[in-house]
Amino acid sequence: MILGRTERGKPPVEPVTLKILVAGGFGVGKTTCVGAVSEIKPLRTEEVLTEAGRPFDDTSGVESKSTTTVAMDFGRITLREDLVLYLFGTPGQDRFWFLWDELATGALGAVVLADTRRLEDCFAAVDYFERRSIPFVIGVNCFDDASRYPAETVRRALDLDPDVPVVLCDARQRESVKEVLVAVVRHAMAYAAEHRQAVTT
């Protein structure tokens with residue numbers, strides 16, 4: 001199926017489609033991020049938090065959160081006429097981590113959303129992508145009531161490699177999220193080129 005836009009008199013463009021994961025801790029803004037940028041109505045698998053899940057769902061710092069993603073969020077964005085991204089938001093709680101391997105299959109790269117009030121919540125996602133050699137960027141979701149820190153301060157706190165991009169963003173704003181996605185694509189392309197070179201030398 002051809003999704004790209006065409007100009008009159010020009011043949012249709014078959015776009016390249018890429019898969020990007022949006023990961024991070026519970027309540028960090030993954031569903032908001034996908035919804036802010038998707039050009040289609042995003043698919044959401046949110047359920048209401050219940051008393052039964054209280055022992056498992058740590059809502060510290062996000063006490064007003066009333067729903068949680070139980071499978072994935074899905075959205076789509078056309079960055080250029082010939083480049084379409086499919087976005088898959090991962091569930092944040094540990095008990096849904098068995099879904100991550102399926103979602104990660106074929107992914108070009110990932111965004112790990114971070115909240116500076118609960119920075120430790122994104123450690124597991126960072127470790128997941130590092131272990132599987134999936135290129136990722138850190139998107140620091142700048143909540144209104146959260147302290148702001150320079151990107152390099154966040155990098156040191158997360159003990160990231162120097163080449164991992166750290167981008168400050170607002171997961172509610174389309175243009176801000178687009179900047180993060182562009183950073184993922186660029187980082188993934190550089191990562192792939194570096195590894196191709198390493199194999200041939």
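Asp 170 lies in the loop that joins β8 (166-169) to α5 (174-200). In this predicted model, Asp 170 counts as buried, because its relative accessibility is 17% and the limit for a buried residue is under 20%. Its side chain makes a polar contact with the side chain of Arg 172, at 2.9 Å. Once neighbours within four places in sequence are set aside, Asp 170 is in contact with Asn 141, Ser 176 and Val 177.

From this loop the view may be widened to the chain as a whole. The chain has five helices and eight strands, and along the sequence these follow the pattern β-α-β-β-β-β-α-β-α-β-α-β-α. Of the 201 residues in the chain, 45% are buried. Among the contacts with a separation of 6 or more, 71% are between residues 24 or more positions apart. The chain exposes about 11000 Å², and carbon and sulfur atoms supply 53% of that area.

The confidence of the prediction varies along the chain. The mean pLDDT is 83, and 78% of the residues reach 70 or more. Strand β7 (residues 136-141) has the highest confidence, with a mean of 98, whereas strand β3 (residues 67-69) has the lowest, with a mean of 50.

The interior comes next. In soluble globular proteins, nonpolar side chains tend to be buried together. Here the largest nonpolar core has 26 residues, and those that touch the most other members are Leu 21, Val 112, Phe 129, Phe 136, Ile 138, Leu 158 and Leu 160. At least two residues of this core come from each of β1 (16-24), α2 (100-104), β6 (109-114), α3 (123-131), β7 and α4 (151-158). The greatest contribution is that of α3, which gives four residues. Ile 138 shows how distant parts of the sequence meet: leaving aside neighbours within four places, Ile 138 is in contact with Val 112, Ala 114, Val 126, Leu 158, Leu 160, Val 164, Pro 165, Val 166 and Val 167. Apart from this core lies another, of 24 residues, and among its members are Val 34, Leu 85, Val 111 and Val 184.

Val 34 directs attention to helix α1. This helix is mostly covered, with six of its eight residues buried. The buried residues are Lys 30, Thr 31, Cys 33, Val 34, Ala 36 and Val 37.

One of these residues, Cys 33, raises the matter of disulfides. How many disulfides does a search of the whole structure find? The search finds zero. Cys 33 is in no disulfide, and the nearest cysteine sulfur, that of Cys 169, is 6.5 Å away. Cys 169 is likewise in no disulfide; for this residue the nearest cysteine sulfur is that of Cys 142, at 6.4 Å. These distances do not qualify because a disulfide requires sulfur atoms within 2.5 Å. Both residues are nevertheless covered: Cys 33 is buried with a relative accessible area of 6%, and Cys 169 is buried with a relative accessible area of 5%.

Beyond helix α1, the chain enters the loop between α1 (30-37) and β2 (46-48), where Ser 38 is found. Is Ser 38 buried or exposed? Ser 38 is buried, since its relative accessible area is 11% and the limit is under 20%. The side chain of Ser 38 reaches the backbone oxygen of Ile 40 at 2.8 Å. Not counting residues up to four places away in sequence, Ser 38 touches Gly 75, Arg 76 and Arg 174. Ser 38 and Gly 75 are 37 residues apart along the chain, yet their C-alpha atoms are separated by 4.9 Å.

Two further loop residues deserve attention for their backbone geometry. Ser 133 lies in the loop between α3 and β7, and Asp 159 is found in the loop between α4 and β8. Ser 133 has a positive phi of about 55 degrees although it is not a glycine. Asp 159 also has a positive phi of about 55 degrees, and it is not a glycine either. As to their surroundings, Ser 133 is partly exposed, with a relative accessible area of 46%, whereas Asp 159 is exposed, with a relative accessible area of 64%.

Notes: Residues are numbered from 1 along each chain as its sequence is written. This is a predicted model: local features need pLDDT of at least 70, side-chain atom pairs count only at pLDDT 80 or more; totals for chains, interfaces and linings use all residues. Side-chain values use heavy atoms; hydrogens and water are left out. Buried means under 20% relative accessible area, exposed over 50%, partly exposed in between (1.4 Å probe, protein chains only). Contact means heavy atoms within 4.5 Å. A polar contact is a pair of N or O atoms within 3.5 Å; within protein, one must be able to donate a hydrogen and the other to accept it, and residues adjacent in sequence count only if both atoms are side-chain atoms. pLDDT is the predictor's confidence in each residue, from 0 to 100. A nonpolar core is a set of buried Ala, Val, Leu, Ile, Met, Phe, Trp, Tyr and Cys residues joined through side-chain atoms within 4.5 Å. Accessible areas come from the Shrake-Rupley method with a 1.4 Å probe; for residues, only the protein chains shown count as cover.
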